[in-house]
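Have the sequence and the 3D view ready, and let us walk through this fold together. We will follow the strands, then look at what sits between them.

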Amino acid sequence: MKKSVSLFLLGLLLACMLTGCRFIHIEEAPRTALDYTIVSQEEIPKDITALIEEKKKNDFQMTYQSGEFLYLIKGYGQQMTGGYSIAVEELSMSENAVFFKTQLLGPTKDTSGSEPSYPYIVVKMQYQEKPVEFQQ
């Protein structure tokens with residue numbers, strides 16, 4: 001009796017494993033590079049500046065639409081010193097989404113300070129009616 005139950009459970013487990021596991025390969029549509037402008041601190045709309053001030057202590061990412069423009073904002077939270085910069089590695093679009101990838105670059109010896117900093121970047125682009133995927 002025990003042998004029958006054990007064989008049944010083993011067969012059931014094997015059947016579940018064979019039918020439940022599949023490799024799915026998702027092909028993404030080609031991406032097209034988008035034109036953008038990095039917005040200087042003086043040109044950031046006041047509404048965006050207020051949002052950044054609220055969120056700057058932690059990592060954050062958000063979008064903000066104003067008329068025909070879409071602003072992509074990525075912040076890296078509090079850093080122990082100053083002198084950080086942010087590079088845009090990719091801003092592109094597929095038929096399904098907009099992709100925004102940035103990288104935080106560390107300070108050099110001569111640009112770091114003793115005060116904490118809150119590095120962020122604001123990018124302005126033409127409005128696209130697609131979701132934005134922030135990537136790291």
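In this predicted model, strand β1 (residues 32-33) pairs with β5 in the antiparallel sense, over two bridges. To find the spot, look for T32, whose bridge partner in β5 is M93.

On to the next partner of β5. Strands β5 and β6 also run antiparallel, and eight bridges join them. One place to see this is S92, which stands opposite F99 in β6. Together β5 and β6 form a hairpin with four residues between them.

What lies in the loop between β5 (85-93) and β6 (98-105)? One residue there is N96. With a relative accessible area of 52%, N96 is exposed, because the cut-off for that class is over 50%. Leaving aside neighbours within four places in sequence, N96 is in contact with K130 and P131. The C-alpha atoms of N96 and A29 are separated by 8.1 Å, although these two residues are 67 residues apart along the chain.

Now for the inside. In soluble globular proteins, nonpolar side chains tend to be buried together. Here the largest nonpolar core has 14 residues, and L72, L91, F100, V123 and M125 are those with the most contacts inside it. Strands β4 (69-76), β5, β6 and β7 (120-126) each supply at least two residues of this core, and the largest share, four residues, comes from β5. F100 is a good residue to click on: not counting residues up to four places away in sequence, its contacts include L72, V88, L91, I121 and V123. There is also a second, separate core of nine residues, with I44, I48, I52 and V122 among them.

Finally, how many salt bridges does the structure hold? It holds three, and here they are with their N to O distances.

| Pair | N to O distance |
|---|---|
| R31 and E90 | 2.8 Å |
| K56 and E53 | 3.3 Å |
| E89 and K101 | 3.7 Å |

R31 lies in the loop between α1 (2-20) and β1, while E90 is in strand β5, so this pair ties together parts that are 59 residues apart in sequence. R31 is partly exposed, at 32% relative accessibility, and E90 is partly exposed too, at 21%. E89 in strand β5 and K101 in strand β6 tie together parts that are 12 residues apart in sequence. E89 is partly exposed, with a relative accessible area of 42%, and K101 counts as partly exposed at 26%. As for the remaining pair, E53 is partly exposed at 47% relative accessibility.

Note on methods:
Residues are numbered from 1 along each chain as its sequence is written. This is a predicted model: local features need pLDDT of at least 70, side-chain atom pairs count only at pLDDT 80 or more; totals for chains, interfaces and linings use all residues. Side-chain values use heavy atoms; hydrogens and water are left out. Buried means under 20% relative accessible area, exposed over 50%, partly exposed in between (1.4 Å probe, protein chains only). Contact means heavy atoms within 4.5 Å. Two strands pair if DSSP finds at least two bridges between them. A nonpolar core is a set of buried Ala, Val, Leu, Ile, Met, Phe, Trp, Tyr and Cys residues joined through side-chain atoms within 4.5 Å. A salt bridge is a side-chain nitrogen of Lys or Arg within 4 Å of a carboxyl oxygen of Asp or Glu.
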